[in-house]
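The exercises below are meant to be worked with the coordinates open, and each task is followed by a solution that goes step by step.

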Amino acid sequence: MSNPSGAGNAQAKQPGPNSKDPAGQAVAPLQAVGTIPKTTALMTQSIKKTTTSASLYDEARTLIPGGASSILRWASYEPYPIYIDRGMGPRVVDVDGNEYLDYLLCFGAMINGHSHPRVVQAIKDQAERGTMFGTPVELEVKLARKFLQMVKTSESVIFGSNGTDATSNAIRIARAATGKDMILKFEGHYHGQHDYAMISVEAPPSVAGLEEYPRPLPYSAGIPSLVLDTVIVSPWNNLRAFERIMKRHRNEVAAIIMEPIMSNSGVIPPNPDYLKSVKEIATQNDALLIFDEVVTGFRVSPGGAQELYGVTPDLSTWGKALGGGVAISAVSGKKEFMELIGPGKVSYGGTYFANSLSLAGALANLELLSENDNHAFKILKDLTNRFMSELPKIAERARHEVCIQGVPGMFSLFFTKQKKIMNYRESLLIDWNKYKLFSQILLEKGIYLHPDDYERIALSTVHTVDDLEMTLVAFEEAFRELHDRHVN
Ligand SMILES: Cc1ncc(COP(=O)(O)O)c(C=O)c1O
């Protein structure tokens with residue numbers, strides 16, 4: 001994530017007429033990738049004008065603070081964000097009729113692309129039957145069953161509306177289960193907009209203290225200082241520092257919450273055995289381990305990062321790709337903790353939680369992901385591998401120093417001399433401005449990336465090998481143009 005608060009680096013979070021019908025393609029197997037074409041339809045169709053976006057933004061700023069209902073939708077965009085009118089498959093079209101291949105995918109939520117016919121049909125059918133009732137519904141049972149079939153490490157699941165309410169409820173369950181108040185989170189990790197999570201999301205080193213023992217810093221104005229007293233911050237991917245901090249706070253910590261694959265300072269995978277060791281230390285300290293799988297869930301594997309790395313947390317939170325375009329989230333985990341939810345125990349609820357429209361969309365989404373023996377995840381993995389193996393060569397040909405790292409379904413491209421980025425402090429060594437300009441050049445070529453390098457380049461199951469080839473050509477051109485347009 002970056003920067004909803006306006007603090008730190010002022011970053012934020014968020015794609016040609018085509019002969020294909022990607023939305024209808026669902027999970028077609030990948031073909032062998034051929035050589036990269038020299039020109040593509042996409043290349044000849046550069047963006048002509050975005051004047052309607054410009055005037056919409058002018059008016060929006062007079063009506064909505066900043067111009068949009070999430071800071072991430074405008075903060076890093078210069079001179080103005082592009083207003084998207086519609087999407088189909090891996091593509092979106094703006095209000096001026098320009099078409100883009102979309103690698104933002106609504107911050108990764110659109111795992112099956114835009115307007116997937118099966119998801120659309122499920123939502124339409126449900127809308128005709130009623131969108132929400134404030135009662136239990138059969139769809140909720142069906143979705144819970146499907147969820148637990150895919151996330152085999154969880155014994156129980158409960159649904160909500162967005163990632164923020166999932167992480168805040170998981171933290172509350174952990175506090176109730178342990179009778180302790182303190183939460184340990186990791187520097188640079190983002191868990192949504194509630195006060196307990198908006199600490200040290202971005203933290204300028206000049207004020208954030210030692211790398212090995214970071215000082216908790218609010219990531220928004222308006223967070224009570226009392227909240228800071230209940231949050232401990234640790235560097236991620238640094239076991240020694242984490243151990244030392246846990247020793248210092250022995251028996252105080254209710255929950256350790258983390259993104260099991262760091263995804264909000266760019267994509268940063270965990271060191272080998274890191275997750276396993278953190279889990280052991282959590283158990284020794286009677287603290288619950290919460291994996292925030294809002295980004296990784298239903299993207300990196302059917303059962304999330306916990307399945308990929310073989311480490312089972314006590315509780316997990318899910319959002320984004322769980323819904324595939326509808327507002328839904330989930331908290332899941334061990335029954336002994338989940339069953340603390342109830343009257344007189346841990347409160348849980350919300351008017352829009354598990355509404356029938358969201359349940360119908362999410363169920364269709366998970367059915368698509370899990371059919372043919374989870375074939376969708378093979379597509380995501382193969383596409384990512386291909387991107388990640390080609391990009392370094394393209395960058396090198398164009399004489400740019402880059403570091404590319406990722407996991408199945410998403411990756412980051414950092415302009416940096418570093419060979420690896422392992423945690424938040426190291427992520428400060430990347431050239432944001434260069435990436436921002438790179439994303440602008442790509443936008444002109446019909447490739448939509450978020451301009452903030454802390455946001456992931458996300459793939460969907462309906463991106464095709466041809467899309468990828470076009471994108472690689474666009475990247476190669478953009479790398480070259482960058483030399484003329486970027487001033488160090
Ligand atoms: C890891 C993680 N957790 C939680 C959230 C919050 O989710 P939401 O924006 O749906 O509230 C996000 C959002 O980007 C996230 O990346």
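**Exercise 1.** In this predicted model, determine how helix α9 (residues 239-248) and helix α10 (residues 274-284) are oriented relative to each other, and which residues make the contact.

*Solution.* Two packed helices are described by the angle between their axes and the distance between the axes. For α9 and α10 the angle is about 10 degrees, and the axes lie 11 Å apart. Angles under 35 degrees count as roughly parallel, and α9 and α10 are therefore roughly parallel to each other. On the side of α9 the contact is made by L239, F242, E243 and M246, while α10 contributes Y274, S277, V278 and I281. Sorted by class, the residues of this contact are six nonpolar, one polar and one charged.

**Exercise 2.** Compare the span of helix α13 (residues 356-397) with that of a straight helix, and locate its kink.

*Solution.* Begin with the reference value: at 1.5 Å a residue, a straight helix of 42 residues would span 62 Å. Between its end C-alpha atoms, however, α13 spans only 51 Å. Next, examine the course of the helix, where a kink of about 110 degrees is centred on N372. Beyond the helix, α13 is followed by R399, which has a positive phi near 60 degrees.

**Exercise 3.** Describe the backbone geometry at L105 and at the peptide bond from E78 to P79.

*Solution.* Most residues other than glycine have a negative phi, and most peptide bonds are trans. L105, which lies in helix α3 (residues 105-108), is not a glycine and yet has a positive phi of about 50 degrees. The bond from E78 to P79 is cis, its omega being near 0 degrees, and P79 is found in the loop between α2 (51-63) and β1 (84-88).

**Exercise 4.** Characterise the shell around the ligand by residue class and by origin.

*Solution.* The ligand is surrounded by 16 residues, of which N162, G163, T164, G192 and V294 are the closest. By class, the shell divides into five nonpolar, eight polar and three charged residues. By origin, helix α6 (residues 163-178) supplies the largest share, three residues.

Terms used:
Residues are numbered from 1 along each chain as its sequence is written. This is a predicted model: local features need pLDDT of at least 70, side-chain atom pairs count only at pLDDT 80 or more; totals for chains, interfaces and linings use all residues. Helices (H or I, at least four residues) and strands (E, at least two) are DSSP runs, numbered from the N terminus. The expected span of a helix is 1.5 Å times one less than its number of residues. The bend at a residue is the angle between axes fitted to the seven residues ending there and the seven starting there. A residue is near a molecule or strand if its C-beta atom, placed from the backbone, lies within 6 Å of it. Ala, Val, Leu, Ile, Met, Phe, Trp, Tyr, Cys and Pro count as nonpolar, Asp, Glu, Lys and Arg as charged, and the others, Gly among them, as polar. Axes are lines fitted to C-alpha atoms, for helices over the stretch in contact, and angles run from 0 to 180 degrees between N-to-C directions. Angles under 35 degrees count as roughly parallel, over 145 as roughly antiparallel, 65 to 115 as roughly perpendicular and the rest as oblique. Two residues are in contact if their C-beta atoms, placed from the backbone, lie within 7 Å.
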